[in-house]
Amino acid sequence: MLDDEIPIPRGVSLLPGSGVGLRAQHHESVIRDRPEIGWFEAHTENYFADGGAAVDALTRIRELYPVALHGVGLSIGSMDPLDIDHLARTKRAVRRFEPVLVSEHMSWSSADGLNANDLLPLPYTREARQHVVSRISQVQEYLGRQILIENVSSYLEFEFSEMSEAMFLQEVASAAGCGILLDVNNIYVSAQNHERDPYAYLEVISPPLVKEIHLAGHQQITVQGRPMLIDTHGARVAEPVWQLYRCALQRFGRVPTLIEWDTDIPALAVLQQDATRANAMLEDGHAVAA
Amino acid sequence: MPSLHELQRGFIQALFAGDSGGTDLGIVERRIETPLRLGIYANTSRVNFVESMRTSFPAVLRLVGDGYFRQCVLQYREQCPSRSGDLQQTGIAFSKFLALLHANDEFRYLGDVACLEWCWQETLTAAEHPSFRLEKLAAIDPSAYGQMRFLLHPSLRLFSSEFPCRRIWESNLTDAADLAPINLQYGAERLAIVRVAGRIRVHDLSIGEYTFLESVQAAETFETAVERTLEMDIEFDAGIALRRFVANGAIVDCV
């Protein structure tokens with residue numbers, strides 16, 4: 001098993017409760033004010049630089065808080081060759097910042113060299129499953145550590161999918177020896193868009209595989225007179241997502257949870273409010289479990 | 001059923017060109033048609049590209065306005081689509097694109113302003129390097145100076161233009177509504193942009209200083225660099241220039 005061969009770095013079970021996605025707008029206030037936030041997660045690509053202000057800021061923040069790195073550009077599900085330069089830069093960031101967790105997405109972005117710079121949906125076929133398992137194994141071998149793989153929001157499904165997304169995710173993680181970063185908002189968004197039961201999704205996933213949870217805001221638009229939820233990461237976490245999160249905690253236990261916000265980024269205090277709420281729910285769950 | 005490779009190829013064509021090239025993508029319509037579902041991804045892809053360019057080229061954005069900037073960027077994207085998962089490299093050819101687009105009109109300075117902004121971006125994210133250790137130079141036999149090669153700070157970028165791009169650029173980084181007009185005939189500019197101790201400095205250069213740093217950047221020996229510089233600027237004083245560039249952090253080492 002890959003889990004036995006690749007050591008999980010120190011502190012993986014010690015991420016304290018809830019964290020917040022780190023954005024450049026907040027670097028200064030995090031360093032100056034040292035807010036009561038358990039940990040921060042940074043987008044790996046934002047710290048690819050050889051040096052400069054962003055790298056300096058994350059270096060300082062890493063001295064104050066546990067940090068996780070979350071990649072958005074590796075295109076793990078793509079049939080294009082793995083971008084070795086991107087992977088090498090990821091490895092350099094991992095060495096530089098010593099993150100507690102490293103994660104990427106169960107999606108693809110490029111074909112024939114053209115990169116959409118978006119998290120595109122996979123067909124949930126046996127062929128895709130084998131490919132994604134192979135790619136995750138390649139990434140873990142290269143980085144010398146376990147990664148987590150995150151479910152993405154989707155706005156379409158493929159009629160020739162051979163299994164549900166939850167089953168695909170479960171089987172990929174089991175076969176590749178990676179962990180799961182379960183994005184509860186993404187489960188809700190996709191379930192609404194495809195008229196599925198988000199609670200049923202949770203039942204498919206094995207609790208020991210889930211190492212991190214993401215929460216974020218979404219937006220509702222109307223397409224052809226029908227509601228469609230868009231994963232904007234630009235709003236407070238919606239109430240139905242909090243309800244689904246409570247159910248997730250009951251199933252998966254006290255999993256470190258991150259509040260993400262990527263567009264129209266508000267003051268850190270706003271994110272902190274959602275992080276505090278997640279923390280309270282984590283504590284509640286812990287008390288019930290005890 | 002298409003293979004995963006065929007599916008991804010058709011999907012990406014649909015996003016970039018609006019047509020899957022004959023591949024049946026097998027998208028479940030369920031009351032919302034396939035083009036509209038694909039359109040959500042196509043739109044996100046475009047928005048991400050444009051937003052990245054807005055971040056890299058704030059002065060060009062302010063100069064041309066939001067609407068025209070978006071139009072230019074989308075035209076640029078057709079010629080130079082992203083080929084990396086790291087969007088921060090997206091703007092690398094934008095200055096050349098703008099220079100060609102406006103080669104013969106009153107906006108012919110735009111390409112140079114974009115070039116200056118890209119230099120700034122590169123300086124911002126380049127590696128650190130400690131400052132020059134003068135004792136290292138003192139330990140070298142003066143007779144060997146001619147064959148020495150100086151090293152520039154990794155963040156240093158040289159920039160030249162026939163237009164007053166620094167003035168244009170700096171004026172358009174503020175939010176001021178009433179900008180004073182800038183005369184394009186103000187003259188040529190040669191600049192060195194370098195980040196030292198976390199701060200970016202922009203230094204005006206004479207033709208001699210620019211030529212000298214260009215030679216150093218090309219890894220020429222000190223002797224060759226000075227010879228080449230004197231061909232451009234007979235009054236160039238290598239001693240004064242060296243002191244200036246060591247003091248301002250442009251030159252960081254010698255071998």
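Which backbone oxygen does the side chain of B:Thr55 reach? In this predicted model, the side chain of B:Thr55 comes to 3.0 Å from the backbone oxygen of B:Glu51. Good morning, colleagues. Allow me to begin with this residue and then proceed to the rest of the structure.

B:Thr55 belongs to helix α2 of chain B. Its relative accessibility is 58%, so B:Thr55 counts as exposed. Along the chain, B:Thr55 and B:Gly91 are 36 residues apart, while their C-alpha atoms are separated by 9.9 Å.

Helix α2 of chain B, residues 34-56, also contains B:Pro35. B:Pro35 is exposed as well, with a relative accessible area of 57%. Measured in sequence terms, there is a contrasting pair to consider here: B:Pro35 and B:Arg190 are 155 residues apart in sequence, and their C-alpha atoms are 50 Å apart in space.

A further residue of this helix takes us to salt bridges. B:Arg54, in helix α2 of chain B, pairs with B:Asp66, in helix α4 of chain B. Their side chains meet in a salt bridge with an N to O distance of 2.2 Å. The two residues are twelve residues apart, and the pair links distant parts of the chain. Are these two partners buried, exposed or partly exposed? B:Asp66 has 45% relative accessibility and therefore counts as partly exposed. B:Arg54, at 27%, is likewise classed as partly exposed.

Let us remain with chain B and turn to helix α5, residues 94-101. Its buried residues are B:Phe94, B:Ser95, B:Phe97 and B:Leu98. These residues cover an arc of only 160° around the axis, and therefore they lie on the same side of α5(B). What do the buried residues of α5(B) pack against? Their partners are α2, α3 (58-64), α4 (66-79) and α6 (110-125) of chain B. The face turned away from the buried side carries the exposed residues B:Lys96 and B:Leu100.

I now move to chain A, where helix α7, residues 184-193, presents another picture. Nine of its ten residues are buried, so the helix is largely enclosed by the rest of the structure. Among the buried residues are A:Val184, A:Ile187, A:Tyr188 and A:Asn193. At the start of α7(A), a side-chain oxygen of A:Asp183 reaches to within 3.0 Å of the backbone nitrogen of A:Asn185. After the helix comes A:Glu195, whose phi is positive, near 55°.

Chain A also offers a salt bridge that links distant parts of the chain. A:Glu283 and A:Arg254 form this bridge, and their closest N and O atoms are 2.4 Å apart. A:Glu283 sits in helix α10 (residues 268-289), whereas A:Arg254 is in the loop between α9 (239-252) and β12 (257-259), with their positions 29 residues apart in sequence. Both partners are partly exposed: A:Glu283 has a relative accessible area of 38%, and A:Arg254 has one of 42%.

How many salt bridges does the structure hold over all chains? The total is 26. One of them joins the side chains of B:Glu135 and B:Arg133, at 3.7 Å from N to O. In chain A, salt bridges that share partners join A:Glu28, A:Arg32 and A:Asp33 into one network.

Finally, I come to the contact between the two chains. Chain A contributes 52 residues to this contact, and chain B contributes 43 residues. Together the chains bury about 4100 Å² between them, and 59% of that area is on carbon and sulfur atoms. There are three salt bridges between chain A and chain B. In one between B:Arg9 and A:Asp112, the closest N and O atoms are 2.7 Å apart. The chains also share 23 residue pairs in polar contact, counted with both residues at pLDDT 80 or more.

Which elements of chain A each supply at least two residues of the side that touches chain B? They are α3 (53-64), β5 (108-111), β6 (114-120), α5 (126-143) and β11 (226-230) of chain A. The largest share, seven residues, comes from β6(A). By residue class, this side of chain A divides into 21 nonpolar, 19 polar and twelve charged residues.

That concludes the presentation. Thank you for your attention.

Note on methods:
Residues numbered from 1 in each chain as written. Chains lettered and ligands numbered in written order. Predicted model: local features only at pLDDT ≥ 70, side-chain atom pairs only at ≥ 80, totals over all residues. Heavy atoms only, no water. Contact = heavy atoms within 4.5 Å. Buried area = accessible area lost by both parts, 1.4 Å probe. Salt bridge = Lys/Arg side-chain N within 4 Å of Asp/Glu carboxyl O. Polar contact = N/O pair within 3.5 Å; in protein donor to acceptor, adjacent residues only side chain to side chain. Helix = DSSP H or I, 4+ residues; strand = E, 2+ residues; numbered from the N terminus. Nonpolar A, V, L, I, M, F, W, Y, C, P; charged D, E, K, R; others polar. Buried < 20%, exposed > 50% of the residue type's maximum accessible area, 1.4 Å probe, protein only. Arc of directions from axis to C-beta.
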